[in-house]
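Please look through the sequence and the structure shown here before reading on. The briefing after them goes through the nonpolar interior, one helix and some charged pairs.

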Amino acid sequence: MSAQLLQPAFTDPVLEAQRSFRAALKAFAGPGLIQTLHATPSLEGLAPATYALCLALLDVDTPLWLAPSFDTPLIRANLAFHCGCPLTANREDARFALLTAEDLLDLSGFDPGNDRYPDQSCTLLVQLPSLDGGAGLAWRGPGIETEHGVALPMAEGFWREREQRNEFPRGLDLLFAAGQDLIGLPRSTRIAQERV
Amino acid sequence: MEILMNNLAPHAERQHWIGVLARARRSELQPHEAALRDVEYQLIRAPEIGMTLVRGRMGGNGAPFNVGEMSVTRCVVRLADGRTGYSYLAGRDKVHAELAALADAHLQGTQQRHWLDAVITPLAKAQAERRAQKEADTAATKVEFFTLVRGEN
């Protein structure tokens, strides 16, 4: 029975969901700046920040695509119970997707929205081991005064994948989470190789 | 058929006791509070108050329409051995919701007979009496309408 797997989520559902939502909002408003969520629950396989984003953002109207490494009975049961979100095997139907760094090399199928409703795109929640330690890149664009140096530990191929699916106003927005921290990467952010 | 019966029967039984617990008064559950809480448990979903839309059909078979919203309190607990108890009840009584969820969890265990006899049967009996009383009171005010034959052939 899946009931055996259930675990408590937010201790104060309203306030903590609002805090997490606010953190996601700020992460997109200031791309590349780290937002920290304090005292959030975690689930085996999901970092506290990732789980908090799921609890704050998902509900019955947001089909979720789970990467194979997250597709465990425990995660399925708890997301179904606390968020009530339908899980989908089709990337095209997903409003949100839960990915790891390895899944970033193939972003095909995720809905980039359309010219009339670019907001209907799929938002990708990406769990990383850390938000630091990769190749240093300079992020520029809306919400960034000059530039932010960010060094997310991801394969180079991701940036090409993202570039291919980014035809403004269509595109994919990403939230990177590690531990209790998160960084937002909206479609409007431009990336340049950092000069050493 | 046998499989169906086996699956259906426990559900029907659980539906019955969850309904009885939801319709009980808090004052009726409180005498059992010490016994219900005398177990290690955690709140999977702490008692929370929300709203739900009630829909109805005119005469039970017309087109569905929205009657209105009502407040609902729900709670889910899990005992140390993994049994989970659920409760959904009308109103805003969080203590009642927690006690009802605990009772549901206890009723799924090996002591089911004991809990049925101690809690559910007396509660169901009290509810049946209240209902019968209400129906008797209402029946006394019943008015039969009839139309006299009018003189137009």
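What follows is a short lead and then bullet points grouped by topic.

This is a predicted model, in which local features need pLDDT of at least 70 and side-chain atom pairs count only at pLDDT 80 or more, while totals for chains, interfaces and linings use all residues. Residues are numbered from 1 along each chain as its sequence is written, chains are lettered from A and ligands numbered from 1 in the order in which they are written, and side-chain values use heavy atoms, with hydrogens and water left out.

**Nonpolar cores**

- The largest nonpolar core (a set of buried Ala, Val, Leu, Ile, Met, Phe, Trp, Tyr and Cys residues joined through side-chain atoms within 4.5 Å) has 58 residues, and A:L124 and A:F176 touch the most other members.
- Helix α2 of chain A, residues 48-57, gives the most to this core, with 7 residues.
- Apart from this core lies another one of 23 residues, including B:L29 and B:L116.
- In soluble globular proteins, nonpolar side chains tend to be buried together.

**Helix α2 of chain A**

- Helices (H or I, at least four residues) and strands (E, at least two) are DSSP runs, numbered from the N terminus.
- In α2(A), 9 of the 10 residues are buried, where buried means under 20% relative accessible area, exposed over 50%, and partly exposed in between, with a 1.4 Å probe and protein chains only.
- The buried residues of α2(A) pack against several elements of chain A, among them α1 (13-29), α3 (73-82) and β8 (173-178), on the basis of contact, that is, heavy atoms within 4.5 Å.

**Salt bridges**

- Over all chains, 18 salt bridges are found, each being a side-chain nitrogen of Lys or Arg within 4 Å of a carboxyl oxygen of Asp or Glu.
- One of them joins A:R187 and A:D173, at 2.9 Å from N to O.
- A:R187 counts as buried at 11% relative accessibility, and A:D173 is buried with a relative accessible area of 15%.
- Another joins B:R26 and B:D93, also at 2.9 Å from N to O.
- B:R26 lies in helix α2 (residues 26-29) of chain B and B:D93 in the loop between β3 and α4 of chain B, so this pair ties together parts that are 67 residues apart in sequence.
- B:R26 is partly exposed, with a relative accessible area of 33%, whereas B:D93 counts as buried at 19%.
- A:D115, A:E167 and A:R170 are linked in a network of salt bridges.
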